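Student: I am new to this structure and would be grateful for a close look at a single part of it. Please explain the salt bridges in one connected account.

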Amino acid sequence: MAQEAIPGQAGSTPKGSAPPGRAIGGRLAAAILPAVGFAIMLLVWQLLSYRLGRYLPPPGQVLALAFANLTESRYLEGLGMPSGGFLPHLLSTTFTVLTGLALGNVVGIGAASAAWFSDTVDAALAPLADVLGSIPILVAAPFFLIWFGPGDATKIGLVALYAAAMLYAYAGAAFRNIRRAYVEYARTLGASRARCFRRVILPAALPELFGGLRATLGAAWGLAVIAELLGSTTGSGRIIIVAWGVSDVGLMLAGLLWICGIAVGFDALLMLIRKFALKWA
């Protein structure tokens, strides 16, 4: 007669946990599948390059261009760009994204926090955030260019505007999704409304806030590059628009490759911060 597995005995699996083999298989799949998807993309890109010729250089050629022009490029200087290759422009775009995101973070989450404390503030800010967030950047950018000129202020302002609108929506939803019973329980124990917000609402909303911050960070890179495309003297978008002027698709893709790589790196950094900040989640 077969014996039942005893908890803690060899060969038994704790209740609610996956078998070791399945857990290992899940981790391998999580590591391998993204690489497979990336390899498929490169293969499709390579095949299309045979068909499109100079209008879509192969991945190897684009990668070589990206590294060859990173810190110095006589070719870019010949097109009227400043010395230093891609690097100063990549740093400019990164500065725009991080500064605009920081400003948007303060304004968006700060406004959502104020709306949590006051229904009047919520009623006043909600339609404004909806309107600002729904304005296409191609419409907003010309106004910013007229008001601030083709400089860093315009790019940072555009990124901050849209980041604030997005984070206001994400933070507001995160605060509203917290069960009211938690707040009521804290209030019965004597906590003030401000203390409830600091000790109950904010910690409980952090998982959703990180999700909103991740989505906003991803959108911020696109917003910054679009702003640079429309009118800027520096940035990755400026490289792309100059290369487009001479129909150099390889250089355009090389600049895009760098900005995508930086964006992925910052996304990974944000997820690492999330992992340490939400150990309890």
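**The salt bridges of the chain**

Tutor: In this predicted model, a salt bridge joins the side chains of Lys155 and Glu228, with 3.6 Å from N to O. Lys155 belongs to helix 7 and Glu228 to helix 9, so this pair ties together parts that lie 73 residues apart in sequence. Buried residues are those under 20% relative accessible area. Lys155 is therefore buried, since its relative accessible area is 0%, and Glu228 also counts as buried, at 1% relative accessibility.

Lys155 takes part in another salt bridge, in which its side chain meets that of Asp152 at 3.5 Å, N to O. Here the partners are three residues apart in helix 7, which means that about one helical turn separates them. Asp152 is partly exposed, with a relative accessible area of 36%, whereas Lys155 is buried. Taken together, Asp152, Lys155 and Glu228 are linked in a network of salt bridges. In general terms, side chains of opposite charge can pair when their charged atoms come close.

The structure holds three salt bridges. One of them joins the side chains of Asp267 and Arg214, at 2.7 Å from N to O. This pair links distant parts of the chain, as Asp267 is in helix 11 (residues 249-277) and Arg214 is in helix 9, 53 residues away. Arg214 is partly exposed, its relative accessible area being 39%.

The setting of these contacts may now be described. The chain has 281 residues, of which buried residues make up 35%. Its secondary structure comes to eleven helices and zero strands. Helix 7 (152-176) and helix 9 (193-230) are among the helices that each supply at least two residues to the lining of the largest pocket. That pocket has a volume of about 410 Å³. It is lined by 19 residues, and the closest to its centre are Trp116, Phe175, Arg176, Arg180 and Arg193.

As for covalent links between cysteines, the structure holds zero disulfides. Of the cysteines, Cys196 counts as buried at 1% relative accessibility, while Cys260 is partly exposed at 40%.

To return to the part requested: Lys155 meets both Asp152 and Glu228, and the three residues are linked in a network.

How values were computed. Residues are numbered from 1 along each chain as its sequence is written. This is a predicted model: local features need pLDDT of at least 70, side-chain atom pairs count only at pLDDT 80 or more; totals for chains, interfaces and linings use all residues. Side-chain values use heavy atoms; hydrogens and water are left out. A disulfide is a pair of cysteine sulfur atoms within 2.5 Å. Buried means under 20% relative accessible area, exposed over 50%, partly exposed in between (1.4 Å probe, protein chains only). On a 1 Å grid over the protein atoms alone, a cavity is a set of points where a 1.4 Å probe fits but cannot get out, and a pocket is an open set with protein on both sides within 12 Å along at least five of seven lines; lining residues have an atom within 4 Å of a point. Grid points are joined across faces, edges and corners, and a volume is the space filled by probe spheres set on the points. Helices (H or I, at least four residues) and strands (E, at least two) are DSSP runs, numbered from the N terminus. A salt bridge is a side-chain nitrogen of Lys or Arg within 4 Å of a carboxyl oxygen of Asp or Glu.
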